[in-house]
Amino acid sequence: MTQPTLNDIVALAKRRGFVFPGSEIYGGLANTYDFGPLGVELLRNITNHWWHYFVTKRADMFGLDSSILMSHKVWEASGHTASFTDALVDCKTCHTRTRADHLIEDTAEKQGKTIRVEGQNVEELSKLIEELNIACPNCGAHNWTDPREFNLLFETHIGIVEESQSLAYLRGEIAQGMFVNFKNVLNTMRPKLPFGIAQTGKAFRNEITLGNFIFRTLEFNLAEFEYFFDPNEQNWEELFEFWKQAMQEFAEELGLSKNKLNWRLHTDEERAHYSTRTEDLDYQFPFGSKELFGLAYRTDFDLKNHMEKSGVDLHYTDPQNPQHKFIPHVVEPTFGINRIFLALLLEAYRSDENRTWLALPANLAPFKVAVFPLVKNKPELVTKAKAVFDQLSKTRAVVWDDRGNIGKRYLAQDEIGTPYCITIDYQTLEDDTVTLRDRDTTKQERFKLTELEQQLANMLI
Ligand SMILES: [Zn+2]
């Protein structure tokens with residue numbers, strides 16, 4: 001089986017309604033994408049599966065859905081207004097703006113050298129651009145501005161009247177919502193350590209991206225939890241290892257190939273300002289091995305800073321020993337939902353001389369079953385098929401199709417990953433049996449309508 005290229009995935013995603021370029025009728029808005037009718041189903045299935053796996057199934061996890069707009073004070077306390085930056089350079093000839101780190105690393109790679117520049121200051125980056133004699137990838141000129149730091153937070157203003165507007169930021173990570181609600185969760189749920197606060201949602205980063213479809217975009221869906229613990233009771237390294245294992249198992253359960261998954265420890269230079277240890281679970285995308293999930297030990301950095309800046313007491317009191325008050329430490333697993341979406345399409349893509357199909361896991365596929373009347377101009381067939389559709393769609397996502405010939409309908413469902421197609425034909429009218437076709441094998445079997453629910457249940461549909 002040949003591996004699909006990124007272009008194969010982009011083309012299928014567009015053709016079949018998974019992902020569209022953002023603001024497309026106006027020429028597009030770079031690095032934004034819209035999830036179409038099929039994409040939104042897959043995206044929600046991934047998110048719901050994650051929620052069930054890490055939140056619903058666990059007694060020690062509490063859900064949250066915090067605001068995208070947060071007080072600017074949150075981002076000052078978290079250190080993001082000061083440290084959440086990229087160094088950018090402009091070509092003075094053609095005005096292309098680009099990330100200095102990517103420019104240097106990519107040029108070095110082409111020259112057969114390996115240079116990692118994370119953590120270097122703008123003077124050091126400037127020197128490297130000189131030394132490597134880097135030309136503008138757009139126009140070829142050697143005419144760069146000095147690198148400058150740009151903050152990645154999206155600024156916005158609250159209020160209609162200009163004089164009374166106040167500065168706010170779209171959240172640059174979803175973690176801060178969990179930290180600022182720590183006390184609310186403590187007071188309402190009375191959890192005992194260790195416990196987690198989890199949420200899923202969008203984060204926003206005003207960064208120059210390298211494209212690669214939905215891998216890195218200006219706004220993106222994350223799933224994450226903060227797992228709070230008593231550093232005197234629990235060894236952070238053991239907890240880190242526990243969640244690392246859980247993340248690996250989750251990735252494998254999604255159907256991602258084990259040999260494409262690889263853990264990578266962040267160097268001191270590249271680690272974020274809040275973290276003591278960070279490891280990424282990288283996935284082998286067509287454009288390289290890149291971060292899929294991240295795991296960080298954030299210590300008590302965030303709660304401590306919020307306590308200092310807000311003046312609100314964020315200590316946890318040990319219920320067994322009320323004298324023991326402390327700020328919990330936290331281990332944070334983060335999951336890129338859009339990246340899972342892309343990895344799943346890459347893993348599921350199959351193609352032979354006759355057809356293209358997505359071998360998506362049934363629990364994640366946009367639709368579980370398709371229901372077809374053999375032809376649409378025979379009312380008895382349509383009525384019977386409609387009754388099957390109504391019955392099956394009570395408890396699962398079912399799609400209806402009565403257009404064109406049956407072979408084309410099968411191929412269309414294969415391309416969107418629908419595991420099974422049910423056809424109501426003339427024989428159905430005689431003996432109440434239907435055909436059930438398997439997406440991966442294309443084999444068809446006849447079943448009695450009365451057995452259909454049980455058959456689907458056996459196949460976990
Ligand atoms: Zn240029």
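Here's a walk through the domains, the main sheet and the nonpolar cores of this predicted model.

Start with the overall layout. The chain splits into three parts: domain 1 (53–74 + 162–348), domain 2 (85–151) and domain 3 (367–458). Going by C-alpha atoms, the centres of domain 2 and domain 3 sit 56 Å apart.

Next, look for the open sheet, which is built from seven strands with mixed pairing. Reading across, the order goes β3-β10-β11-β17-β14-β13-β12. That puts β3 (61–63) and β12 (261–265) at the edges, each with a pairing partner on one side only. On average, neighbouring strands here are turned by 25° against each other, if you ignore direction. Zoom in on β11 (residues 219–229) and β17 (residues 329–336): these two run antiparallel and share six bridges. Phe229, for instance, has His329 of β17 as its bridge partner.

Now add helix α2 (residues 37–56). This helix lies across β3, β10 (195–204), β11 and β17, and runs at about 160° to β10.

What about the nonpolar packing? The largest core counts 88 residues, and Phe341 and Ile422 have the most contacts inside it. Helix α11 (residues 337–348) supplies the largest share, seven residues. Domain 1 (53–74 + 162–348) and domain 3 (367–458) each put in at least three residues. Phe341 is a good one to click on: setting aside neighbours within four places in sequence, its contacts are Leu42, Leu43, Ile46 and Ile214. There's also a second, separate core of 11 residues, with Cys91, Leu125, Leu128 and Ile134 among them.

Methods:
Residues numbered from 1 in each chain as written. Predicted model: local features only at pLDDT ≥ 70, side-chain atom pairs only at ≥ 80, totals over all residues. Core = buried A, V, L, I, M, F, W, Y, C linked by C-beta atoms within 7 Å. Buried ≥ 20, exposed ≤ 12 C-beta atoms within 10 Å, placed from the backbone. Helix = DSSP H or I, 4+ residues; strand = E, 2+ residues; numbered from the N terminus. Domains from an automatic or database assignment. Contact = placed C-beta atoms within 7 Å. Pairing = 2+ DSSP bridges. Axes fitted to C-alpha atoms, helices over the stretch in contact; angles between N-to-C directions.
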